[in-house]
Amino acid sequence: MSMTENINKPAVDAVRVRDPHRPRFHFTPPMNWMNDPNGICHHDGRYHLYYQYNPNDALWGDIHWGHASSADLVRWRDEPVALAPSSGPDEGGCFSGSFALVYGQPTIYYTGYTDTAQVQCMATSDDLQRWRKVDGALIELPPAGVPRDQFRDPYVFQHRDVWYMVVGASLNGERGQCLLYRSDDGRDWKYLHPLYTSPRLQLGVMWECPNFFPIGDKWVLSVSVWQNMGAHYFVGRFENERFVPEFDDVLDVDGSAFAHLTFMAPDGRALQWAWINEQRSADLMRADGWAGAMTVPRVLGLTDAGQLTIRPVDEIGALRGDVAAAATCRVGGAETVAFEGRHLDIELDVELLDAKPVGLTLLASPDGLEATRIVYNPNMRRLTVERARSSFNPKTERQNQHAHLYLEPGEPLRLRVLLDATVIEVYANDRVNLTSRVYPTLGSSVGASVFAEGYANVALKAWQMGDIYGEPA
Ligand code: DQQ
């Protein structure tokens, strides 16, 4: 066994606060690059969030595991880097993975990366800060048909006293696949069979970061769809070590959030985080010195029909400060209810009185030339983040992003919008989410308002949001 040398991070909370592009209540790395959430767990009274981290650059590469922890899911404190590449199967990087408490021993399973292979590795710890790598790899080779460089992101869980591992893969480089392994002791793993293979070629050439967990008497399989940069889920039964899907849908649309990781909290909730990619050029990331944000923690559930429900955890309500807007009114053919802010939690309930688009304008300059809109179009059953005018900087992505949202007859539109500098998360009717990045250039682009192209009754409440860094002593 070898011990990972921890690399202490400098105190950089002040830097986080100064940068106008930095989210305040979405977790971002202290500096440099972050991608997937990893190894999320709750241990000795604290939540632990590990993440894919490059300590030396604001671009992807030299992947370590960064680490933060929280007592309450609201305020986070940076911890020393948890895993670093070392000579052996992970010398090219410590890729994504998950946490399991294996007979009382905190354990992480992750992918060791080199130029020629991806293998599944393991490390243990007593304090969740210093990790001892188990020498070599637990699983060296993928099964036939799976390329060695498309075999990663182990997700480990226990079911009926058996340990299972689901590994993300590609079948012949053409189709996403999840592989199922089992173990009696968490160390010796036997390959069983594919847990599930993609039923459609549109769902990517590989599935990364698979998660497999129960909600009630159903099982949810979520996968990150490579190279679409989106995520999909399947709901079904887990019988005789086989997954039998019954329903599937989009988890996050292409080009939004990625690499979702769900863990079962001690209170029984299925809590999920996902990585929100930057959508700006490499030189802009380098200039700011950091990249990547996490979604807020989300709580998952299932409807009777087997559809996933998804909303931010209630805890983040503790970050609400001053009320930015509160109004109940009829809106017609215009913008109304003006308010301001760059870090807002907005609840908008809309009774649609016709089939015309309705929504929110955010981050608008006083002349309206720079602005982002969140639009629901009832005719098209489509929720959109309109980014064409979101930034004057051409090095930022500005194409519109869409999610399908069907409202039952008479069902109001219920939007929860989390605006956090450059991050926008939209949760609609607890079942559809749309995540985006926008990079307004003007300090005065802080205007917000409600609009309806036809008529609608709206109830709006918005709060200024506080900061998640720095835990109370
Ligand atoms: N990111 C990790 C991989 C994973 C991918 C590498 C998803 O383990 O498949 O940083 O973003």
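1. In this predicted model, the hairpin formed by β12 and β13 has six residues between its two strands, and within that hairpin Gly186 takes a positive phi near 80°. The two strands run antiparallel and are joined by six bridges, with β13 covering residues 190-197. One pair that a student can look for when tracing this pairing is Leu179, which stands opposite Pro194 in β13.

2. Strand β12 also pairs with β11, which spans residues 162-171; here the two strands again run antiparallel, and nine bridges join them. A useful landmark on this side is Trp163, which stands opposite Ser183 in β12. β11 and β12 form a hairpin as well, with three residues between the strands, and Asn172 in the turn has a positive phi of about 60°.

3. Is strand β12 largely enclosed or largely open to its surroundings? The strand comprises residues 175-183, and seven of its nine residues are buried, so the rest of the structure largely encloses it. When reading this strand in the model, it helps to keep both of its pairings in view, the one with β11 and the one with β13.

4. A second group of paired strands is centred here on β22, which consists of residues 298-302 and is mostly covered, as four of its five residues are buried. β22 pairs with β19, residues 270-276, in the antiparallel sense over three bridges, and the bridge partner of Leu271 in β22 is Val299. β22 is also joined to β23, residues 308-312, by five bridges, and these two strands run antiparallel. In that pairing Arg298 stands opposite Pro312 in β23, while the hairpin of β22 and β23 has five residues between the strands and includes Gly306, whose positive phi is near 90°.

5. Met264 deserves a separate remark, and its place in the fold is in strand β18, which runs over residues 257-264. Is Met264 buried or partly exposed? Its relative accessibility is 38%, and because buried would require a value under 20% and exposed a value over 50%, Met264 counts as partly exposed. Leaving aside residues up to four places away in sequence, Met264 touches Phe213, Pro214, Arg269 and Ala270. Met264 and Val299 are 35 residues apart in sequence, and their C-alpha atoms are 9.9 Å apart in space.

6. Turning to the ligand, the residues around it are Asn35, Asp36, Gln52, Trp60, Phe95, Ser96, Arg152, Asp153, Glu208, Phe258 and Trp275. By class, this shell has four nonpolar, three polar and four charged residues. Which strands each supply at least two residues of the shell? They are β2 (32-43), β6 (93-102) and β10 (151-159).

7. Several contacts with oxygen atoms of the ligand can be described by distance. A polar side-chain atom of Gln52 lies 2.7 Å from a ligand oxygen, and a polar side-chain atom of Trp60 lies 3.0 Å from an oxygen atom of the ligand. For Glu208, an N or O atom in the side chain is 3.1 Å from an oxygen atom of the ligand. As for coverage, the ligand has 310 Å² of accessible area on its own, and the protein covers 93% of that area.

Conventions. Residues numbered from 1 in each chain as written. Predicted model: local features only at pLDDT ≥ 70, side-chain atom pairs only at ≥ 80, totals over all residues. Heavy atoms only, no water. Near = heavy atom within 4 Å. Polar contact = N/O pair within 3.5 Å; in protein donor to acceptor, adjacent residues only side chain to side chain. Areas by Shrake-Rupley, 256 points an atom, 1.4 Å probe, with all protein chains shown as cover. Nonpolar A, V, L, I, M, F, W, Y, C, P; charged D, E, K, R; others polar. Buried < 20%, exposed > 50% of the residue type's maximum accessible area, 1.4 Å probe, protein only. Pairing = 2+ DSSP bridges. Contact = heavy atoms within 4.5 Å.
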